[in-house]
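Biologist: I have a sequence and a model in front of me, and I would like to go through them by question and answer. Please keep the replies short and end each on what I asked for.

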Amino acid sequence: MSTPAVTQQPGITSYGTNVQTGEWSTGLCSCCNDMLVCFVGFCCPMAVSCYTAHLYGENVCLGCIPGGTTALRTHMRLTYGIQGTICNDALMTCCCGLCESCRMAREVRIRNGEV
C-alpha cells in the first residue's frame, strides 16, 4: 500500500477576521465605545475576563487563573495581527488590568461583528 505524495504544503491560516490592522480597534480608555462591557467590567472585572475568554473560544477559567489574561491578550494580539510584545502584554494586564480586560472584550466583540 502506497501513500500519496504531498504536492502542496499547507498555507498560513488566519483566525478570526481577515482584517490585519496592526493596531487595537479601540483605545485603552475608549469605554464609551461599548458601555455594556465597561459597566460590567467596572462592577465585576472577573466576569469580563471570563466572558472575553469564552467569546474568544478559550476556556472561561482562563480569566480566573494568574497570568491567564496575559496569555489571552498575547494570543489575541498574535491572531489579529496586532503589533506588540509579550512583555508589553504582561505590563498592560498587570498595570492597567481593568481597562485592558474591557478593551480585549471590545476587540473580540468588534471582530465577531457584535458591535
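**Salt bridges and burial**

Modeller: Glu114 is partly exposed, with a relative accessible area of 39%. The model is a predicted one.

Biologist: Which residue forms a salt bridge with Glu114?

Modeller: Side chains of opposite charge can pair when their charged atoms come close. The cut-off for a salt bridge is 4 Å between nitrogen and carboxyl oxygen, and the closest N and O atoms here are 3.9 Å apart. The partner of Glu114 is Arg109.

Biologist: Is Arg109 buried or exposed?

Modeller: Buried means under 20% relative accessible area. Arg109 has 13%, so the residue counts as buried.

Biologist: How many salt bridges does a search of the whole structure find?

Modeller: Besides the pair of Glu114 and Arg109, there is one between Arg73 and Glu100 and one between Arg77 and Asp89. The search of the whole structure comes to seven.

Biologist: How many residues apart are Arg73 and Glu100?

Modeller: The closest N and O atoms of this salt bridge are 2.9 Å apart. The pair links distant parts of the chain, with Arg73 in helix α3 (residues 68-80) and Glu100 in helix α5 (residues 97-111). Along the sequence they are 27 residues apart.

Biologist: What is the relative accessible area of Glu100?

Modeller: Its salt-bridge partner Arg73 counts as buried at 2% relative accessibility. Glu100 is buried too, and its relative accessible area is 0%.

Biologist: Which residues is Glu100 in contact with, leaving aside its neighbours within four places in sequence?

Modeller: Glu100 is found in helix α5. Arg73, its salt-bridge partner, is among the contacts. The full list is Trp24, Leu28, Arg73, Met92 and Thr93.

Biologist: Which helix holds Asp89, the partner of Arg77?

Modeller: Arg77 and Asp89 have their closest N and O atoms 3.0 Å apart. The pair links distant parts of the chain, twelve residues apart, with Arg77 in helix α3. Both Arg77 and Asp89 are buried. Asp89 lies in helix α4 (residues 86-95).

Biologist: Which residues are linked in a network of salt bridges?

Modeller: The two pairs Arg73 with Glu100 and Arg77 with Asp89 both belong to the network. Its members are Arg73, Arg77, Asp89, Glu100 and Arg103.

Biologist: How many helices does the protein have?

Modeller: From the N terminus on, the elements run α-α-α-α-α. There are zero strands, and the helices come to five.

Biologist: What share of the residues of the protein count as buried?

Modeller: The accessible surface of the protein comes to about 7,100 Å², of which 63% belongs to carbon and sulfur atoms. Among contacts between residues at least 6 apart in sequence, 65% join residues at least 24 apart. Of the 115 residues, the buried share is 37%.

Biologist: Which elements do the buried residues of α1 pack against?

Modeller: In helix α1 (residues 35-43), Val37, Cys38 and Gly41 are buried. Seen down the axis, the buried residues of α1 fall within an arc of 95°, so they line one face of the helix. An α-helix has 3.6 residues a turn, so residues three or four places apart point the same way. The buried residues of α1 pack against α2 (45-56) and α5.

Biologist: Which residues make a nonpolar surface patch of about 300 Å²?

Modeller: On the other side of α1, Met35, Leu36, Phe39 and Cys43 are exposed. Val40 is also found in helix α1, and is partly exposed at a relative accessible area of 32%. The patch is made by Leu36, Phe39 and Val40.

Biologist: How many disulfides does the structure hold?

Modeller: Cys50 is buried, with a relative accessible area of 16%. Its sulfur is 3.3 Å from the closest cysteine sulfur, in Cys64, which is too far for a bond because a disulfide needs the sulfur atoms within 2.5 Å. The number of disulfides is zero.

Biologist: Which residue holds the nearest cysteine sulfur to that of Cys94?

Modeller: Cys94 counts as exposed, at 64% relative accessibility. Cys94 is in no disulfide, and the nearest cysteine sulfur is 4.7 Å away. That sulfur belongs to Cys95.

Methods:
Residues are numbered from 1 along each chain as its sequence is written. This is a predicted model: local features need pLDDT of at least 70, side-chain atom pairs count only at pLDDT 80 or more; totals for chains, interfaces and linings use all residues. Side-chain values use heavy atoms; hydrogens and water are left out. A salt bridge is a side-chain nitrogen of Lys or Arg within 4 Å of a carboxyl oxygen of Asp or Glu. Helices (H or I, at least four residues) and strands (E, at least two) are DSSP runs, numbered from the N terminus. Buried means under 20% relative accessible area, exposed over 50%, partly exposed in between (1.4 Å probe, protein chains only). Contact means heavy atoms within 4.5 Å. Accessible areas come from the Shrake-Rupley method with a 1.4 Å probe; for residues, only the protein chains shown count as cover. The arc is that of the directions from the helix axis to the C-beta atoms. Patches are made of residues with over 30% relative accessible area and no salt bridge: like charges are joined within 9 Å, nonpolar side chains (Val, Leu, Ile, Met, Phe, Trp, Tyr) within 5 Å.
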